[in-house]
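Visitor: Could you pick a single part of this model and take me through it closely? I'd like the surroundings too, in one connected answer.

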Amino acid sequence: MSDSPTEATKQPPMKVVKLRHPWRIVFAVVLLAAVAVFVIDAAQREAFDWPSVGKYVFDQRVSMAAGYTLLLTVLAMVIGVVLGIILAVMRQSPNPVLKSIAWVYLWIFRGTPVYVQLVFWGLLSTIYTTVDLGVPFMEAWISFPTEVLFNAFWLAVIGLALNESAYMAEIVRAGLLSVDSGQHEAATALGMGWGKTMRRVVLPQAMRVIIPPTGNEVISMLKTTSLVSAIPFTLELYMRTRDISVEIFNPIPLLIVASIWYLAITSVLMVGQYFLEKRFARGVGVRPDAGAGPVTASMSAVELEQTDAEAAIGAKHGGDAR
Amino acid sequence: MSEQTTGAVGEGTATTDATTPMVLAEHVSKSFGSNEVLKDISLEVKRGEVLCLVGPSGSGKSTFLRCINHLEQVSSGRLSVDGALVGYREAGGRLYEMHPKDISKQRRDIGMVFQRFNLFPHMTALENVMEAPTQVKGVSKAKAKARALELLARVGLAERADYYPAHLSGGQQQRVAIARALAMDPKLMLFDEPTSALDPELVGEVLDVMKGLAKTGMTMIVVTHEMGFAREVADTLVFMDGGVVVETGDPREVLSNPQHARTQAFLSKVL
């Protein structure tokens with residue numbers, strides 16, 4: 001900062017010899033060789049049955065199943081995130097009734113395995129055979145069987161979403177807690193109510209903390225969808241590839257096919273996360289005027305004040321308060 | 001504000017006119033658990049008056065300031081702003097707790113500036129100033145923007161309107177915070193140690209804006225350690241210690257000729 005350009009040019013630049021890391025190169029070469037051996041070996045191994053992998057990876061049944069898996073993931077996550085935000089906000093609410101509801105919900109849905117929950121959702125139409133409208137414990141006015149209502153796909157979505165919302169609630173709560181209490185106070189002092197403060201001030205700032213673990217949850221959800229056979233819903237990727245492997249009496253190539261699809265979808269989702277993180281990083285990052293320090297900045301402001309003599313708050317620079 | 005005076009029936013709080021004090025505290029006490037931080041405070045702030053609250057940390061001056069816009073609830077006593085009790089409605093000799101919505105309405109008319117600025121970091125300076133008028137008062141975006149730009153110009157930051165708080169110096173952030181509070185057209189401004197978190201070289205620019213504001217006739221209560229500012233700008237100086245008002249008076253007199261031993265001890269350290 002203090003060096004003026006003329007001073008800098010006086011001294012010839014010194015030659016810098018970069019630190020070398022020869023062992024890194026050795027390690028990388030060894031690693032590459034090992035990978036090459038594995039790949040060449042794998043390519044020749046009968047058990048992997050690569051022709052079948054190639055045959056089924058773009059099989060319509062498989063790509064349809066991948067579509068279902070993606071749809072399950074997206075729907076369950078969207079509902080899960082929305083419910084999770086509502087639950088987290090309820091837990092932070094000054095209203096003790098809302099607080100308790102959220103706590104009990106979390107206790108149940110986090111405290112039982114998702115597989116067990118999914119089996120329960122599958123048995124819903126067995127437990128509640130009819131939907132009755134009317135006064136409880138009296139004869140119903142209207143009654144219709146629940147089988148019409150419950151379809152395996154939507155039960156899978158609901159089952160996954162409700163379980164997910166309990167975890168999302170804690171992630172969102174962590175985000176809310178990460179926001180400085182002064183933010184809440186400033187918004188309150190401006191006359192904003194609790195709800196508006198949450199929506200406009202606290203949640204947008206919490207998003208930065210919420211998004212990375214949520215990305216984790218999305219990827220985790222993608223794989224958890226393979227459990228919906230408990231409903232049973234069997235059109236998703238894992239069950240579909242298993243069905244095909246039973247047909248051809250060889251599970252290995254179809255496992256590879258399923259893995260390829262899971263990896264492909266995960267990669268796409270990671271790209272989405274990158275853009276979301278960028279969106280919510282507003283206000284943190286590089287200064288637009290990287291050169292100008294606070295001193296020059298305040299000086300330009302003072303100049304501006306002096307020119308603005310008309311303003312009611314014209315700064316009088318005669319006697320400084322200190 | 002008519003909605004604030006409705007239901008406020010009682011000695012001296014029935015009507016609002018030019019003689020009604022802007023802030024009237026009568027025997028106000030505040031405890032956090034067993035810790036009594038405000039003890040029987042009685043104070044009056046007239047319209048257009050600039051009152052500086054000074055005292056050692058932990059003396060209760062910030063707590064008192066926060067009680068005025070009900071960020072803290074008083075434990076006993078009566079506290080009213082512009083003739084209306086803060087946070088309560090009085091009827092039939094009883095106090096009724098107000099709904100949070102009504103308390104929010106009261107706060108709209110009271111601007112507050114914090115020690116740590118508390119600007120919204122995800123919004124630009126301009127958006128910070130526009131937020132409350134558009135969200136709370138329902139002012140149109142275009143109108144709010146014009147007004148916000150005018151206010152930012154008043155605090156000397158017109159050219160920084162599109163900067164995020166992280167890209168502004170402390171002094172600039174605090175000036176944006178003042179503009180943000182002014183955007184709600186408050187009748188009373190509260191300043192909670194507005195320069196205490198600033199680098200010494202940036203204190204002056206914030207105090208200049210506050211001096212200008214005082215000249216417009218704004219009623220201001222300023223918790224501060226800046227004795228020079230108090231001497232120059234304040235109409236009244238209140239010295240607090242241990243939750244009580246120790247001394248009140250004209251700042252020039254109190255600062256140069258303190259009557260109470262505790263005031264003398266404090267001033268000998270800070271002046």
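Guide: Helices here are DSSP runs of H or I with at least four residues, numbered from the N terminus. With that in hand, let's go to helix H6 of chain A, residues 114–122, which gives the largest share of a nonpolar patch, 4 residues. Keep in mind that this is a predicted model; the predictor gives the complex an ipTM of 0.88 and a pTM of 0.77.

The patch sits on the surface and consists of Tyr115(A), Val116(A), Val119(A), Phe120(A), Leu123(A), Ile127(A) and Tyr128(A). Together they have about 660 Å² of accessible area. Take Tyr115(A), which has its place in helix H6 of chain A. Is Tyr115(A) buried or exposed? Neither, really: Tyr115(A) is partly exposed, because its relative accessible area of 42% falls between the 20% and 50% cut-offs. As a rule of thumb, an α-helix has 3.6 residues a turn, so residues three or four places apart point the same way.

Now for the chain around that patch. Chain A has 13 helices and 2 strands, and buried residues account for 35% of its 322 residues. About 20000 Å² of chain A is exposed, with carbon and sulfur atoms supplying 68% of that area. Of the contacts in chain A between residues at least 6 apart in sequence, 72% link residues at least 24 apart.

For a contrast with the surface patch, try helix H9 of chain A, residues 181–189. Gly182(A), Gln183(A), Ala186(A), Ala187(A), Thr188(A) and Ala189(A) are buried there. Their cover includes helix H10 (194–224) of chain A, and also helix H3 (100–107), strand S8 (110–113) and helix H6 (170–182) of chain B. Mind the labels: that last H6 belongs to chain B, while the patch helix is H6 of chain A. After H9(A) comes Gly191(A), with a positive phi near 95 degrees.

Since chain B has come up, here's a quick look at it. Its pLDDT averages 91, and 94% of the residues score at least 70. Be wary of residues 1–14 of chain B, though, where pLDDT stays under 50. Further along, strand S1 (residues 23–32) of chain B pairs antiparallel with strand S2 (residues 35–45) of chain B over 7 bridges, and Lys30(B) stands opposite Leu38(B) in S2(B). The two strands make a hairpin with 2 residues between them, and Gly33(B) in the turn has a positive phi of about 65 degrees. S1(B) also runs antiparallel to strand S4 (residues 76–81) of chain B, joined by 5 bridges, with Ala25(B) opposite Leu79(B) in S4(B).

Conventions:
Residues numbered from 1 in each chain as written. Chains lettered and ligands numbered in written order. Predicted model: local features only at pLDDT ≥ 70, side-chain atom pairs only at ≥ 80, totals over all residues. Heavy atoms only, no water. pLDDT = per-residue confidence, 0-100. Contact = heavy atoms within 4.5 Å. Pairing = 2+ DSSP bridges. Buried < 20%, exposed > 50% of the residue type's maximum accessible area, 1.4 Å probe, protein only. Patch = residues over 30% accessible without salt bridge, like charges linked within 9 Å, V, L, I, M, F, W, Y side chains within 5 Å. Areas by Shrake-Rupley, 256 points an atom, 1.4 Å probe, with all protein chains shown as cover. Salt bridge = Lys/Arg side-chain N within 4 Å of Asp/Glu carboxyl O.
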